[in-house]
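Visitor: Please pick one part of this model and take me through it closely. Keep the sentences short, and link each detail to the next.

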Amino acid sequence: MNEKRDINVVISNILKAGVFVSSFFIVTGIVLGFVTGVNESIAIERYTFSEMINGLLSLNYYSYLMSGIFLLILTPVLRIFGLLYVYTLEKDYRFIRICILVLIILTISLFLGVTHG
C-alpha cells in the first residue's frame, strides 16, 4: 500500500513542478511585457523552438509566454513517462501497454497538430 502512495506522491510532484515552472515562465513573460512595453498585439503564428530559445536568451516576453504554455502542455506527457517508469519497475505489463498507447496517441496528435495548417 505504501508503494502506491509513493507512486502518487511522485506523480503529484511531477505535476506540481510542471505547473510551478510553467507559471514562473508565464509570470516572467507578463512582467517583461509590462517592463519593456508591448507595441503590437500578440498574433498566433508559427513559432519555432529555436526562435523560442533565442527569445528566452534575449528576454523576449513572447518567448517566455510561449515557453510557459509549452511546459504546461508538456507536464501531463512527463506524467505518463513517470508512470511508464514506475510500471516498468513493478513489471505491470498491462499498464505499460496502456502508457505506451497513450504516448502513441499523444505523438500522433502532436504531429497532426503541427502539420495541420
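**A close look at helix H3**

Guide: Tyr62 is buried, with a relative accessible area of 12%. That value falls under the 20% limit, so Tyr62 counts as buried. The model is predicted, and every value here is computed from it. Tyr62 sits in helix H3, the part I will follow from its start to what comes after its end.

First, the setting. The protein has 4 helices and 0 strands. Read from the N terminus, the order of elements is α-α-α-α. The protein has 117 residues, of which 25% count as buried.

Now the start of H3. Leu59 lies in the loop between helix H2 (49–57) and H3. Leu59 is not a glycine, yet its phi is positive, about 60°. Then comes a contact at the start of the helix: a side-chain oxygen of Asn60 comes within 3.1 Å of the backbone nitrogen of Tyr62. Tyr62 also has a partner from elsewhere in the chain. Its C-alpha lies 6.4 Å from that of Gly29, although 33 residues separate the two in sequence.

Next, the helix as a whole. H3 covers residues 61–90, 30 residues in total. From first C-alpha to last, H3 reaches 43 Å, close to the 44 Å expected at 1.5 Å a residue. H3 does bend, by about 30° at Thr75. A proline, Pro76, follows within four residues of that bend.

What about aromatic contacts? A pair of rings is described by the distance between centres and the angle between planes. The whole structure holds 4 aromatic pairs. One of them joins Phe25 and Tyr64, with 5.8 Å between centres and 25° between planes, and it is stacked. Phe25 belongs to helix H1 (residues 2–36) and Tyr64 to H3, so this pair ties together parts 39 residues apart in sequence. Both partners are shielded. Phe25 is buried at 18% relative accessible area, and Tyr64 is buried at 12%. The rings of Tyr87 and Phe95 also pair: their centres are 5.0 Å apart and their planes meet at 25°, so this pair is stacked. The angle is under 30 degrees, which is why the pair counts as stacked and not as tilted. Here the burial is uneven. Tyr87 is buried, at 12% relative accessible area, whereas Phe95 is partly exposed, at 27%.

Two further details belong with these rings. Phe24 joins Phe25 and Tyr64 in one aromatic cluster. At Phe95, the charged end of Arg94 sits over the ring, 4.9 Å from its centre.

Now the nonpolar packing. In soluble globular proteins, nonpolar side chains tend to be buried together. The largest nonpolar core here has 10 residues: Ile7, Ile11, Ile80, Leu83, Leu84, Val86, Tyr87, Ile96, Cys99 and Leu103. H1, H3 and helix H4 (93–115) each give at least two residues to this core. H3 gives the largest share, 5 residues. Spacing along a helix bears on such sets: an α-helix has 3.6 residues a turn, so residues three or four places apart point the same way.

Tyr87 has thus come up in two settings. It is a member of the core, and its ring is stacked with that of Phe95.

Take Leu83 as another example from the core. Leu83 lies in H3. Leu83 is buried, with a relative accessible area of 11%. Its C-alpha stands 9.1 Å from that of Val10, and the two residues are 73 apart along the chain.

Last, what follows the helix. Lys91 comes after H3, and its phi is positive, near 55°. Lys91 is not a glycine either. Its place is in the loop between H3 and H4. Is Lys91 buried or exposed? Lys91 is exposed, with a relative accessible area of 57%. That is over the 50% limit, so the label follows directly.

To recap the route: H3 starts with the Asn60 contact to Tyr62, bends at Thr75, supplies 5 residues to the largest nonpolar core, and is followed by Lys91 with its positive phi.

Terms used:
Residues are numbered from 1 along each chain as its sequence is written. This is a predicted model: local features need pLDDT of at least 70, side-chain atom pairs count only at pLDDT 80 or more; totals for chains, interfaces and linings use all residues. Side-chain values use heavy atoms; hydrogens and water are left out. The expected span of a helix is 1.5 Å times one less than its number of residues. The bend at a residue is the angle between axes fitted to the seven residues ending there and the seven starting there. A polar contact is a pair of N or O atoms within 3.5 Å; within protein, one must be able to donate a hydrogen and the other to accept it, and residues adjacent in sequence count only if both atoms are side-chain atoms. Rings of Phe, Tyr and Trp (its six-membered ring) pair if their centres lie within 6.5 Å; planes under 30 degrees apart count as stacked, over 60 as edge-to-face and the rest as tilted. Buried means under 20% relative accessible area, exposed over 50%, partly exposed in between (1.4 Å probe, protein chains only). A charge sits over a ring if NZ of Lys or CZ of Arg is within 6 Å of the ring centre and within 35 degrees of the ring normal. A nonpolar core is a set of buried Ala, Val, Leu, Ile, Met, Phe, Trp, Tyr and Cys residues joined through side-chain atoms within 4.5 Å.
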